Amino acid sequence: MSQTRMPALFLGHGSPMNVLEDNIYTETWRKLGETLPRPKAIVAVSAHWYTRGTAVTAMEKPRTIHDFGGFPQALFDTRYPAPGSPALAQQIAELLSPVDVQLDQEWGFDHGSWGVLIKMYPDADIPMVQLSVDGTKPPAYHFELGRKLASLREQGVMIVASGNVVHNLRMVKWQGAAEAYPWAESFNQYVRDNLSWEGATEAHPLVNFMNHEGAALSNPTPEHYLPLLYVLGARAQGEAVSIPVDGIEMASLSMLSVQAG
């Protein structure tokens with residue numbers, strides 16, 4: 001019997017406080033963990049490991065990184081002790097050739113990855129590696145890396161990318177239920193409208209996302225958007241794309257999640 005092709009997910013992760021809270025987003029992540037086929041391993045791609053060059057965690061026991069400040073002690077006390085997979089890290093390095101992939105022994109899991117996976121797989125018992133996002137490369141590069149990773153899905157490996165397609169912390173409205181900025185709504189809808197687009201990478205509207213008039217405000221820097229491109233790149237031709245949850249928090253933070261397969 002052939003192995004089920006694992007879904008590929010992009011999860012809008014939002015505030016680290018989602019680790020401690022229960023809300024529509026965390027409930028969606030929990031349900032995904034309960035209802036999707038159980039992966040043999042996970043490749044996490046997080047906005048919070050933004051590097052020069054490409055690296056993958058290659059240690060047996062990755063640490064839990066608390067890469068934030070000013071939050072309750074309970075958040076810093078939380079650990080996500082999922083095992084690493086040096087073998088999977090090596091396989092990824094080979095798949096992404098000729099890209100020179102550093103086998104990293106220092107990083108671990110940052111809150112972009114463990115913050116969502118602690119809701120999906122709270123037992124932290126699925127082997128996991130994290131792939132960095134090379135900030136020196138254009139969007140098409142990240143889409144093509146997703147294409148190279150696609151074969152892992154046939155081997156029981158789930159790709160879980162994490163960021164926010166609208167991420168402008170400078171314009172966040174902290175108080176109350178703030179209405180989304182029109183440019184945030186517009187860009188978020190543009191992403192939704194183009195998730196199923198198929199064709200040449202260089203023509204993909206979501207690879208060329210900066211052409212949208214709301215893009216510069218929605219993504220003053222690209223690191224929270226780029227993880228989505230790994231999932232779109234890893235999507236098979238004609239494969240269904242769905243939206244498990246969506247919403248704009250604090251006027252300028254999109255919680256859109258995307259599922260391929």
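The second largest pocket of this structure holds about 220 Å³ of space. The model is a predicted one. This briefing describes two pockets and then one helix.

**The second largest pocket**
- The residues that line the second largest pocket number 16, and those closest to its centre are Ser15, Tyr25, Glu249, Met250 and Leu253.
- By residue class, the lining of this pocket consists of nine nonpolar, five polar and two charged residues.

**The largest pocket**
- The space in the largest pocket amounts to about 340 Å³.
- Its lining is made up of 20 residues, of which Gly14, Ser15, Pro16, His167 and Leu169 are the closest to the centre.
- In this lining, eight residues are nonpolar, ten are polar and two are charged.
- Ser15 is listed among the residues closest to the centre of the largest pocket, and Ser15 is also listed among those closest to the centre of the second largest pocket.

**Helix α4**
- Helix α4 spans residues 111-120 and is mostly covered, with ten of its ten residues buried.
- The buried residues begin with His111, Gly112, Ser113, Trp114 and Gly115, and continue with Val116, Leu117, Ile118, Lys119 and Met120.
- Among the elements that cover these buried residues are the helices α1 (24-35) and α2 (73-77).
- The strands β1 (8-12), β2 (41-51), β5 (128-134) and β6 (157-163) are also included in what covers the buried residues of α4.
- At the start of α4, the backbone nitrogen of Gly112 has a side-chain oxygen of Asp110 within 2.9 Å.

Notes: Residues numbered from 1 in each chain as written. Predicted model: local features only at pLDDT ≥ 70, side-chain atom pairs only at ≥ 80, totals over all residues. Heavy atoms only, no water. Buried < 20%, exposed > 50% of the residue type's maximum accessible area, 1.4 Å probe, protein only. Helix = DSSP H or I, 4+ residues; strand = E, 2+ residues; numbered from the N terminus. Contact = heavy atoms within 4.5 Å. Polar contact = N/O pair within 3.5 Å; in protein donor to acceptor, adjacent residues only side chain to side chain. 1 Å grid on protein atoms, 1.4 Å probe; cavity = no way out; pocket = protein on both sides within 12 Å on 5 of 7 lines; lining within 4 Å. Points joined across faces, edges and corners; volume = space filled by probe spheres on them. Nonpolar A, V, L, I, M, F, W, Y, C, P; charged D, E, K, R; others polar.
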